[in-house]
Amino acid sequence: GRPGLWLAAAGLASMALASCGTASRTLAPRPTAGPRSSASATPLPLPSPSVGTLSCRLPLYGSGLASNPSGGSPQGGFMQLPQGQVTLAPSTTLTASPSGGWETVASPVLSGDQEEESWDPALGRWLPATPGELSPSGTQYAYLDQATGSVHLVTPASDFDEVLSSGGGYQVVGWVNEEIYLTAAGTDGAQPEGLYRLSAAGGGVTTALPPSTTEGWSLSAKGEIWGTGINPQDQNPPASGSGDEVLQYDPATGTVTPWSYAPGLTVNLLGVTAAGQPVEMVEGPQANTLEVATSPAAATRLLAGAGLDSLQPFEVSSAFTDSHGTWLTTDSGLYLLTPNLTLDLEQTGNFANAEVVGPCA
């Protein structure tokens, strides 16, 4: 599933607003831009607490959607914007399955690999899958069988669950057209982690990128696979499991393009906008910044804090992109990063234990 996303820590007073065959790998030239963050970064404040004006119904999944935000079994529901009322969806709580994964309580019983459901507008129903596990058409989803390490493909309309690959211990990164992209499951950043592909029509797993201790892949967007890596030129790289740059893999050409190289700093990939621009948090001892990379060597700064852990309570727990923009759930509210790169506060409150799991419609 999606990795833990966090931005980090100290008071609003110092913040201020601005607006099996291996594909050949051809590395694009490394960006020449310097660090995104610096000690002289101008603090930029959080948006003022106010209710947004967007009118639509937003699907959420998490614990305590209607009451205690930190307790209760996770379940799905819809938040009506801009009012903020939540209507819980029936039978969206999952139960543990004998295979080590999760399954629905509603019939027919469908299986998944995480305790999360997503709203599938194509089928008009909740499915036991993360948004990244759903096919682009919304008619299928893929998941890992925790007990066997096999990748399954589910067609909910016919209640058909088939094994696409046996063993291997992969986990689903996302889809590009009718191909499912996988990475090695259960790695902690110290083990080499490759990128693999599997056709929804079957045919076995093939290698897209060989295993690497400096690269990790986390999501698909705009027909590409995104992750983070460590630039070999960095003289002071972050600890294993983190990265100093965002990486973009193009399945059509097999090329890897580095974005947002920040020597000596940590770059966290939060999501990707509908325009194909990474949303990032850049962290260092002198400054933290939330930004959108508008090209491999340029970025628009949204928020900045002078000092390590200087952006709480803006701690992002999930990101989801739809036609309205990129939704960010945080412990201070629900934000929308619009296509023109403004950051709007749509709802106040603690959304740390909720994820946007479908488009707002």
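Begin the tour of this predicted model by selecting Ser-165, which is found in strand 12, the stretch covering residues 160-165. With a relative accessible area of 8%, Ser-165 falls under the 20% cut-off and therefore counts as buried. If you set aside the neighbours within four places in sequence and display what remains in contact with Ser-165, you will find Ser-150, Val-151, Leu-198 and Val-205.

Keep strand 12 on screen and add strand 11, residues 151-155, which pairs with strand 12 in the antiparallel sense over 5 bridges. To see one of these pairings, pick Leu-153 and look across to its bridge partner in strand 12, which is Glu-162. Following the chain between the two strands brings you to the turn of a hairpin with 4 residues between strand 11 and strand 12, where Asp-159 has a positive phi of about 55°.

A second hairpin can be selected next, made of strand 19 and strand 20, again with 4 residues between the strands, and here it is Gly-254 that takes a positive phi, near 75°. Strand 19, residues 245-250, and strand 20 pair in the antiparallel sense over 5 bridges, and Leu-247 has Pro-258 in strand 20 as its bridge partner. Colouring by accessibility is useful at this point: strand 20 spans residues 255-259, and because 4 of its 5 residues are buried, the strand is largely enclosed by the rest of the structure.

Move on to Ser-260, which lies in the loop between strand 20 and strand 21 (266-272). The relative accessible area of Ser-260 is 0%, so the residue counts as buried, and its phi is near 60°, a positive value in a residue other than glycine. As background for this stop, most residues other than glycine have a negative phi, and most peptide bonds are trans.

Is the next residue with a positive phi, Asn-177, buried or exposed? Asn-177 has its place in the loop between strand 13 (170-176) and strand 14 (179-184), and its phi is about 55° although it is not a glycine. Its relative accessibility is 60%, and it therefore counts as exposed.

Two peptide bonds deserve a selection of their own. The bond from Leu-81 to Pro-82 is cis, with omega near 10°, and Pro-82 is found in the loop between strand 3 (75-81) and strand 4 (85-88). Another cis peptide bond joins Ser-107 and Pro-108, where omega is about 0°; Pro-108 is found in the loop between strand 6 (102-104) and strand 7 (111-112).

Now select Thr-130, in the loop between strand 9 (125-127) and strand 10 (141-144). Thr-130 has a relative accessible area of 6% and so counts as buried. A distance drawn between the C-alpha atoms of Thr-130 and Ser-118, which are 12 residues apart along the chain, comes to 5.8 Å. Apart from neighbours within four places in sequence, Thr-130 is in contact with Gln-114, Glu-116 and Ser-118.

Glu-116 leads to the next stop, since it is one of the residues that line the second largest pocket. To show the full lining, select Tyr-61, Gly-62, Ser-63, Pro-74, Glu-115, Glu-116, Ser-317, Ala-352, Asn-353, Ala-354 and Glu-355. The space in this pocket is about 160 Å³, and the residues of its lining divide into 4 nonpolar, 4 polar and 3 charged. Strand 2 (56-62) and strand 29 (354-356) each supply at least two residues of that lining.

From Ser-317, another residue of the lining, turn to strand 25, which covers 316-322 and is one of the edge strands of an open sheet. The sheet has 4 strands in the order 25-26-27-28, with antiparallel pairing. The other edge is strand 28 (343-348), and each of these edge strands pairs on one side only. From one strand to the next, the twist averages 20°.

End inside this sheet by selecting strand 26, residues 325-330, together with strand 27, residues 333-337, which run antiparallel and are joined by 5 bridges. Which residue of strand 27 does Thr-326 stand opposite? Following the pairing across from Thr-326 brings you to Leu-337.

Notes: Residues numbered from 1 in each chain as written. Predicted model: local features only at pLDDT ≥ 70, side-chain atom pairs only at ≥ 80, totals over all residues. Heavy atoms only, no water. Buried < 20%, exposed > 50% of the residue type's maximum accessible area, 1.4 Å probe, protein only. Contact = heavy atoms within 4.5 Å. 1 Å grid on protein atoms, 1.4 Å probe; cavity = no way out; pocket = protein on both sides within 12 Å on 5 of 7 lines; lining within 4 Å. Points joined across faces, edges and corners; volume = space filled by probe spheres on them. Nonpolar A, V, L, I, M, F, W, Y, C, P; charged D, E, K, R; others polar. Pairing = 2+ DSSP bridges. Axes fitted to C-alpha atoms, helices over the stretch in contact; angles between N-to-C directions.
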